[in-house]
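Dear colleague,

I am passing this structure on to you, and my notes on what was found in it follow below.

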Amino acid sequence: MNIIYLVHQFYPECWTGTEKFVFKISSALQKTGQRVKVITYSFYDNSFFDKKFGDILYKEFVYKGLPVLAFKNEIIDPEVHISIGERSMYNFARMVLEKEKPDLIHVGHPMRINDFIFCARNLNISYLITLTDFWLLCPSGILLDAQGNICEGPNNGTTCRKNCPNFSSRFIENRLEAARELLFGASKVVSPSNFLAHLFKKELENLPVYIISHGMSYKTIKKNDKKYKKGDKIIFCYAGSLNRHKGVDFLIEALKKIESDKFILKIYGSGWDKEYLNKLYDMTKEDTRFEFHGVYDENKVGEVLSDIDVVIVPSIWYENYPLILHEALACGVPVVASNIGGMAEKIKDNINGFTFPAGNTEALNRILKNILNDPCILNGLKENINKMFIPTVEQEALSYYESYVNILYNE
């Protein structure tokens, strides 16, 4: 089977949840003897690329055994990040797909690469879409309106026109129509969480969305069996991108209100918003309880989490199902998370962690203070977590392989 994986960005340049998902699934399928290739948009300097097609620069390379084709516009139009169906890269997409002759395309994320999907439809190449966020419904991808408030969905564009005046009515209408075309044209639409599936089905009546849960690569997992007693120092952890919608500033604010030296917050990740990064650095300046550790290699996740007592996911948007949450539970580490989106689906109060209203620093402060006052409450959570079943990435890959077979031979 010849499978193309499409994703908006990829390793080694970018390394957030969607990239991890595409890497793990494509690698697992490659190990079963399938021919795989990742096609991705890139932001390397122009000098990185060694080929050109019109105004598209591109280069092929291998990343950890995976063939990758990375491309970009020679001069990047900002619209490329939010538009659907502009067809500015359609001829390039056709050239690549006619050369690769894939049996099937698996879309990990349609941002910046959706011309390939429209081209695949015209070439009668079947495709499957995995929903990893809300980008197909929302230009920002995170369902926050222009004022930064959580949005319930476009409501056929009515909510967008009301709360996001930075986008024209024509743009909103055309974008939603193109998104419908892509979704209803897919042979299968998959979501890793019930929450995300429900939101898409609410907006797009009669769109079937199937659930395939994320799987863990247990080769990178190391069980954290630490036991706690009163007075123990607690190591909290945030791991993910350092962008505004992730709510790291709310987490720092909640912890700074605690007058105790019995904790450390280790912050792993990076971000593109320099102003926001500087805000985080300023908030923690000269406070040794806060440590920035940059990005860790995905193979080091077990090693990193073996030293962590609680993982915190303070997002102020509808996270689908952040992989760090999944990884923490697989390692036996309790999670404190905002009570929205896929996080609320997975984290249950006093069972495997605690939840709090998104953006509510006082509520988060109370939870973290309670943990510091009585670390023993973590022991019960860890016992519950160890009884949970979390599928392997091989099981996830098998579910996708069965979907590929059904699409190719039973449609």
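Helices here are DSSP runs of H or I with at least four residues, and strands are runs of E with at least two. Counted in that way, the protein chain has 14 helices and 15 strands. Please bear in mind throughout that this is a predicted model.

As to overall shape, a compact globule of 411 residues would have a radius of gyration near 22 Å, and because the protein chain has 22 Å, the two agree. Along the principal axes, the C-alpha atoms occupy a box of roughly 65 × 50 × 45 Å. Among contacts with a separation of 6 or more, 71% are made by residues 24 or more positions apart.

Turning to the interior, buried residues account for 59% of the 411 residues in the protein chain. The largest nonpolar core holds 82 residues, and those that touch the most other members are Phe71, Phe116, Phe200 and Val311. Once neighbours within four places in sequence are set aside, Val311 is in contact with Cys237, Leu305, Ile324, Ala328, Val333, Pro334, Val335 and Val336. A second core, separate from that one, comprises 32 residues, including Phe236, Val248, Met283 and Ile312.

On the outside, the accessible surface of the protein chain amounts to about 17500 Å², and carbon and sulfur atoms contribute 49% of that area. Finally, for any electrostatics you may have in mind, the protein chain carries 49 positive and 50 negative charges, whose mean positions lie 3 Å apart.

With kind regards

Note on methods. Residues are numbered from 1 along each chain as its sequence is written. This is a predicted model: local features need pLDDT of at least 70, side-chain atom pairs count only at pLDDT 80 or more; totals for chains, interfaces and linings use all residues. Side-chain values use heavy atoms; hydrogens and water are left out. A nonpolar core is a set of buried Ala, Val, Leu, Ile, Met, Phe, Trp, Tyr and Cys residues joined through side-chain atoms within 4.5 Å. Buried means under 20% relative accessible area, exposed over 50%, partly exposed in between (1.4 Å probe, protein chains only). Contact means heavy atoms within 4.5 Å. The radius of gyration is taken over C-alpha atoms; the globule rule is 2.2 Å times the number of residues to the power 0.38. Accessible areas come from the Shrake-Rupley method with a 1.4 Å probe; for residues, only the protein chains shown count as cover. Lys and Arg count as positive and Asp and Glu as negative; His and the chain ends are not counted. The place of a charge is taken as NZ of Lys, CZ of Arg, CG of Asp or CD of Glu.
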